[in-house]
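Reader: I would like to go through this model fold first, then the details. Short answers, please.

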Amino acid sequence: MDTLYLVIPCYNEEEVLPETSSQLKKKIVSLVAKGKISAQSRIVFVNDGSKDKTWEIISKLHEEDKIFQGIKLSRNKGHQNALLCGLMTVKDHCDMTISLDADLQDDINAIDEMVDKYYEGCDVVYGVRSARDTDTFFKKFTAEGFYKVMKMMGADVVFNHADYRLMSRRALDGLQNFKEVNLFLRGVVPMIGYKSDSVYYERKERFAGESKYPLKKMLAFAWEGITSLSTKPIKMISMLGGLIFIVSIIMLIYSVVRHFMGATEIGWTSTIVSIWAIGGLQLLAIGIIGEYIGKVYLETKERPKFIVEKYLSDDE
């Protein structure tokens, strides 16, 4: 049987870790008993610079049972980098990984079907929400809007899929070849190729603690994804510039015609509106272009996406 590693990024998750670790251990033991995975399978928590007792809990879990492993980052690097760190650290020790959040809102019973699809030949299996019945109208509207905007902007993302996915070692080797600092795994993983499939599940309520992705952070995450995966915003600026140029030509012709008709008085309102409109569009265009230049600047520095301070493995 092949070896499975569960990779769970953690940031201030002291309230959920005791229950999360218990449920995940039961799932691993169950899969081993069914003969689906090797007894060498592990649960790996990645501490993303937590300020609470998250690392102390992870260390204690590891001391009590070697099925639990821990990776401690030197500082907070964000969910995507913490997840990438976990995947890259364990990829040479397992045959497949499944990434999921520490709050277990993603139904862990879907793991069984993910593993089945892996044995059917899939290198990537996406966990996809079947419905959003438990979400508020605002949450549902903004979340689904996020995926639609990403698609419209040219980002190849799986609708209603976050970071709950299975990846084979071959897929992880492919992921390692993507060197960008501005990381958006939901868009990068589909670029790897290889055979993929999806499993569907109903997302649960968070049983403890608070969400680490409020609206402000989600909007920033969406913008990061768009600008990391697509140049469409810059192309839209070019199209907008062309449109404004056409309008200016039309206005020029209109002004000349009005001049020869004897109506030479220029309207104050139209002048002010034009100034504000053009000025606003210029600032918006400069801002978007500046965002891309900033990303190029960060990429050229080639700073490390993460630094591992400590790794609690089977040898410790």
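Author: Two strands count as paired if DSSP finds at least two bridges between them. Keep in mind that this is a predicted model. With that rule, strand 1 and strand 2 pair in the parallel sense over six bridges. Within that pairing, the partner of Ile8 in strand 2 is Phe45.

Reader: In what order do the strands of the sheet run?

Author: The sheet is open and its pairing is mixed. Strand 7 and strand 8 (308–312) stand at the edges, so one side of each has no neighbour in the sheet. From one strand to the next, the twist averages 20°. The eight strands follow the order 7-5-6-4-1-2-3-8.

Reader: Which residue of strand 6 is the bridge partner of Ile98?

Author: Strand 4 (96–99) and strand 6 (161–168) are the pair to look at. They run in the antiparallel sense over four bridges. The partner of Ile98 in strand 6 is Leu166.

Reader: Which residue of strand 6 does Val125 stand opposite?

Author: Strand 5 (124–129) also pairs with strand 6. The sense is antiparallel, over four bridges. Val125 stands opposite Leu166.

Reader: How many of the eight residues of strand 6 are buried?

Author: The cut-off for buried is under 20% relative accessible area. Strand 6 is largely enclosed by the rest of the structure, because its buried residues number seven of eight.

Reader: Which strands does helix 2 touch?

Author: Helix 2 (54–64) packs on the sheet. Its direction makes about 150° with that of strand 3 (68–73). The strands in contact are strand 1, strand 2, strand 3 and strand 8.

Reader: Which element gives the largest share of the largest nonpolar core?

Author: The largest nonpolar core has 35 residues; Leu4, Leu6, Ile8, Phe45, Ile98, Leu100 and Ile111 touch the most other members. Elements that give two or more residues include strand 1, helix 1, strand 2 and strand 4. The largest share is five residues, and it comes from helix 4.

Reader: Which residues of a second, separate core can you name?

Author: This second core is separate and has 27 residues. Its members include Met88, Val128, Leu175 and Leu185.

Reader: Which residues of helix 4 is Leu4 in contact with?

Author: Set aside the neighbours of Leu4 within four places in sequence. Its contacts then include Ile28, Leu31, Ile37, Met96 and Ile98. Two further contacts are among the buried residues of helix 4. These are Ile111 and Val115.

Reader: How many residues of helix 4 are buried, and what covers them?

Author: Helix 4 (110–119) is mostly covered, with seven of its 10 residues buried. The buried set is Ala110, Ile111, Asp112, Met114, Val115, Lys117 and Tyr118. The cover includes strand 1, helix 1, strand 4, strand 5, strand 6 and strand 7.

Reader: What phi does Gly121 take?

Author: Gly121 comes just after helix 4. Its phi is positive, about 115°.

Reader: Is Leu104 buried or exposed?

Author: Most residues other than glycine have a negative phi. Leu104 has a positive phi of about 55°. It lies in the loop between strand 4 and helix 4. The cut-off for buried is under 20%, so at 6% relative accessibility Leu104 is buried.

Reader: How exposed is Asn12?

Author: Asn12 also has a positive phi of about 55° although it is not a glycine. Its place is the loop between strand 1 (4–10) and helix 1 (17–33). Its relative accessible area is 25%, so Asn12 counts as partly exposed.

Reader: At what distance does the side chain of Ser50 reach the backbone nitrogen of Asn12?

Author: Ser50 is in the loop between strand 2 and helix 2. Ser50 is buried, at 16% relative accessible area. Its side chain makes a polar contact of 2.7 Å with the side chain of Asn47. It reaches the backbone nitrogen of Asn12 at 2.8 Å.

Reader: Which residues does Ser50 touch, not counting those up to four places away in sequence?

Author: One of them is Cys10, which is buried at 1% relative accessible area. The full set is Cys10, Tyr11 and Asn12.

Reader: How many disulfides does the structure hold?

Author: Cys10 is buried, with a relative accessible area of 1%. Cys85 is buried too, at 0%. The number of disulfides is zero.

Terms used:
Residues are numbered from 1 along each chain as its sequence is written. This is a predicted model: local features need pLDDT of at least 70, side-chain atom pairs count only at pLDDT 80 or more; totals for chains, interfaces and linings use all residues. Side-chain values use heavy atoms; hydrogens and water are left out. Buried means under 20% relative accessible area, exposed over 50%, partly exposed in between (1.4 Å probe, protein chains only). Contact means heavy atoms within 4.5 Å. A nonpolar core is a set of buried Ala, Val, Leu, Ile, Met, Phe, Trp, Tyr and Cys residues joined through side-chain atoms within 4.5 Å. A polar contact is a pair of N or O atoms within 3.5 Å; within protein, one must be able to donate a hydrogen and the other to accept it, and residues adjacent in sequence count only if both atoms are side-chain atoms. Axes are lines fitted to C-alpha atoms, for helices over the stretch in contact, and angles run from 0 to 180 degrees between N-to-C directions. A disulfide is a pair of cysteine sulfur atoms within 2.5 Å.
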